[in-house]
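Trainee: Hi, do you have a moment to go through this model with me? I'd like to hear what you see in it.

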Amino acid sequence: MEYLERKVNDMEIKQKLTSLLHSRIFQIIIFGLAILVILPVIITDNFFLYVLTLICIFSIYAASWNFLANSGQGSLGHAAFLGLGGFSSALIGTSISNGINGLLGTVIMPIGALSVTIQILVLIVGGLISAGIGFLIGLACVRLKAWYLAMVTFGFSVIASTLSSQFDAITNGINGFAPTTLVPRGFPFYILVLSFTVTSIAVMYLIMKSRTGLAFRAIHGNEEEAKMIGINTAKYKLIAFVISTFFAGIAGGLNVYFLRFVDNSIFAPANSFLPLIMSVIGGLGTVIGPIIGSVFWVSIQQILALPSVADYLHSSLGGFFPGLSNVGPPISLIAIGIIIVVIVIFEPKGLVALLQKVYNYIMLKTKSKAEIKPK
Amino acid sequence: MDITAPTIMLTLIWGLAIGCIYILLATGLNIIFGVMKLVNFAHGQLLMISAYLSWTISVSAGLNAYAAILVSMVIVAFIGILVERLTFRRVLGTDKLNEIFVSLGLIYIFENIAMLIWGTNSLQIPSPLSGLNLYFSGVSITYDRVVAVFVVIAALIAFGLLIKKTKIGLAMRATSQIKNTAMLMGINVEKIYMITFALGAALAAVAGGLYGIIFSFNYQVGAMPTIIAFAIIILGGLGSIKGAIVGGLLYGITEQLATLFINGTWGSAVAFALLIVVLIIRPHGIFGEKGE
């Protein structure tokens, strides 16, 4: 009997897998991934690679925030975990490579399978430390709602910033420091980031699709009702908090190793607001939303920072604003502010929903044309 | 600095002046929350805009700095009305997170518009009383800080009278209790919302003018006071004006004492640690009711 049940289960899983493999979305994802890997090989432009890497890192960060928001908890202090992951992985990675260098007697870290393994482990440890602190903070946060929670998480990022500058002897938080390079910059590091991004987002997606994810959505929908149907809301909120802070820590570690520098400005409120803005612009509560949001944000920032665009803006608008040397950043931020307000008011599901509508509209048009033509 | 009786006295008076500015901001936030059940995280940006407006009015029009505050109060109240009608009214009653998102968008808009118009340099409003000090028992304090305390007291009394004695105040109190019943009693709730927001913005404008006279400011100055004001009203309990006043004074004095006794950088960290401890023990603040 048990055997039979197991067999049925196996068959179900197999069926699910085959249907997944044949589904349109899965093919699109594989196709997209192939493009993401091949494109940097064809276009060997450093700037292009830089932008792609940045987008990937921010996608993890925004997705981790979005994951938490999906359980009804809006954090205003995610920079605390970005910084925790960044600082701890940078410190641990540097001391490990120093130790190995001491043993081997070389000054330069041998680049190879060993350093890549160390890099991956160090990033995961950074995520785990972030998640550990996240667990403690989550214990304090599960009873709080909306702005109380926002305030407390924000407070933790302020405290984290203060601690990193107070214990400067350990953290070098005030002047900052550069972690030892473990994976060379450029294509190798991009592949590392890309694999972390794909794994993280896939894991978060699978959790959201599981029973646990269902509980998160129930809590988001109505916490009292969720409690009434027997969901241990405190437990699930804590789980969401720990998972989210884990991935935020990993994003922090990647960010630090990518920029090759970390100081306590990583705890700045602007960094806490970033994933929130990306998720809102892209589409709250969706998998693709944070990715689209980070593509949008990074593109706007980088396009406006291009020398030609900055020069054009300065020559055309600089005359109106004599107090500034560069009018690009404030104008882009005003635009982003307006976009956020407009999206929240008119299209709360973000750019994803907008793209979906455009897609549907085009499909409808082509379909109706195809239907009309034969007649 | 040696810790002697006069320095402690001085610290307390400084704390009082700073606390008064926080109280104004916190009261504005609180009245908006009380009536509309809305938290405007961009409240400090109104303070910042008002500081800049007062600066422009007093420098370019040559008006007395304190008179300039009155003018900027009116302008900022109109900005408040605009903000309420165009943005917050549309997300009211939807997910609470939406209010935070809209506020964040507004923060970006306000800060960068201010940066475009007034540049990135720090400014300070030239006060007619600058350079004048008040001496007593061996400590000196600038007249501006003393005047600030009295301006805040006057503003709070006027505000209290408006809430307690006028028909509009009555309508506001009714709306804050039960919105639907107030509507049934013939109160135009949307109009009350508009007035409330304008009133909150005007209080922030007074705080901004005083801030600009006492401290130098730039376009980023709004963020921290909002957070502090919010921490204060959470400590005192959302919606409780008395809690805001007590919390504001406590906060200003504690911050100054922490700066004196421990270290300047610890000020906000200690304050937030206190806030977190309070919220862990009482998730709705010290005087807060378990509504919502």
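**Around the core**

Mentor: Sure, and keep in mind that this is a predicted model. Let's begin with B:A231: apart from neighbours within four places in sequence, B:A231 contacts A:M151, B:A271, B:F272 and B:L275.

Trainee: And which residues have the most contacts inside the largest nonpolar core?

Mentor: Those are A:I277, B:V76, B:V206 and B:A231, in a core of 188 residues.

Trainee: OK, on to the contact between the chains. How many residues does each chain put in?

Mentor: Chain A brings 37 residues and chain B brings 38 residues. On the side of chain A that touches chain B, the elements giving two or more residues are α6 (146-166), α12 (269-282) and α15 (328-346) of chain A.

Trainee: Which of them gives the most?

Mentor: That would be α6(A), with 12 residues.

Trainee: What's the make-up of that side by class?

Mentor: The side of chain A that touches chain B has 30 nonpolar residues, six polar and one charged.

Trainee: Let's switch to the folds. How many helices and strands does chain B have?

Mentor: Chain B has 11 helices and two strands. Following the sequence, the pattern in chain B is α-α-α-α-β-β-α-α-α-α-α-α-α.

Trainee: What about chain A, how many of each there?

Mentor: Chain A has 16 helices and zero strands.

Trainee: How much of each chain is buried?

Mentor: In chain B, 51% of the 292 residues are buried. For chain A, 41% of the 375 residues count as buried.

Trainee: And what share of the contacts is long-range in sequence?

Mentor: Taking contacts in chain A between residues at least 6 apart in sequence, 80% join residues at least 24 apart. In chain B, residues 24 or more positions apart account for 74% of the contacts with a separation of 6 or more.

Trainee: Can we look at a helix pair? At what angle do α6 and α8 of chain B pack?

Mentor: Helix α6 (residues 167-177) of chain B and helix α8 (residues 189-214) of chain B pack at about 105°, and their axes are 10 Å apart. Angles of 65 to 115 degrees count as roughly perpendicular, so α6(B) and α8(B) are roughly perpendicular to each other.

Trainee: Which residues make that contact?

Mentor: From α6(B) there are B:I168, B:A171, B:M172 and B:T175, and from α8(B) there are B:V189, B:I192, B:I195 and B:T196. By class, this contact of α6(B) with α8(B) has six nonpolar residues, two polar and no charged ones.

Trainee: New topic: where does A:I207 sit, and what does it touch?

Mentor: A:I207 lies in helix α8 (residues 187-209) of chain A. Not counting residues up to four places away in sequence, A:I207 touches A:T212, A:G213 and A:I243. A:I207 and A:F67 are 140 residues apart in sequence, with 9.5 Å between their C-alpha atoms.

Trainee: Why does A:I207 count as partly exposed?

Mentor: Because A:I207 has 17 other C-beta atoms within 10 Å, and a residue needs 20 or more to be buried, or 12 or fewer to be exposed.

Trainee: Last one, how confident is the predictor about chain A?

Mentor: The average pLDDT of chain A is 81, and 88% of the residues score at least 70. Among the elements of chain A, helix α1 (residues 2-22) has the lowest mean pLDDT, 67, and helix α11 (residues 233-259) the highest, 91.

Notes
Residues are numbered from 1 along each chain as its sequence is written. Chains are lettered from A and ligands numbered from 1 in the order in which they are written. This is a predicted model: local features need pLDDT of at least 70, side-chain atom pairs count only at pLDDT 80 or more; totals for chains, interfaces and linings use all residues. Helices (H or I, at least four residues) and strands (E, at least two) are DSSP runs, numbered from the N terminus. Two residues are in contact if their C-beta atoms, placed from the backbone, lie within 7 Å. Ala, Val, Leu, Ile, Met, Phe, Trp, Tyr, Cys and Pro count as nonpolar, Asp, Glu, Lys and Arg as charged, and the others, Gly among them, as polar. A nonpolar core is a set of buried Ala, Val, Leu, Ile, Met, Phe, Trp, Tyr and Cys residues joined through C-beta atoms within 7 Å. Axes are lines fitted to C-alpha atoms, for helices over the stretch in contact, and angles run from 0 to 180 degrees between N-to-C directions. Angles under 35 degrees count as roughly parallel, over 145 as roughly antiparallel, 65 to 115 as roughly perpendicular and the rest as oblique. pLDDT is the predictor's confidence in each residue, from 0 to 100.
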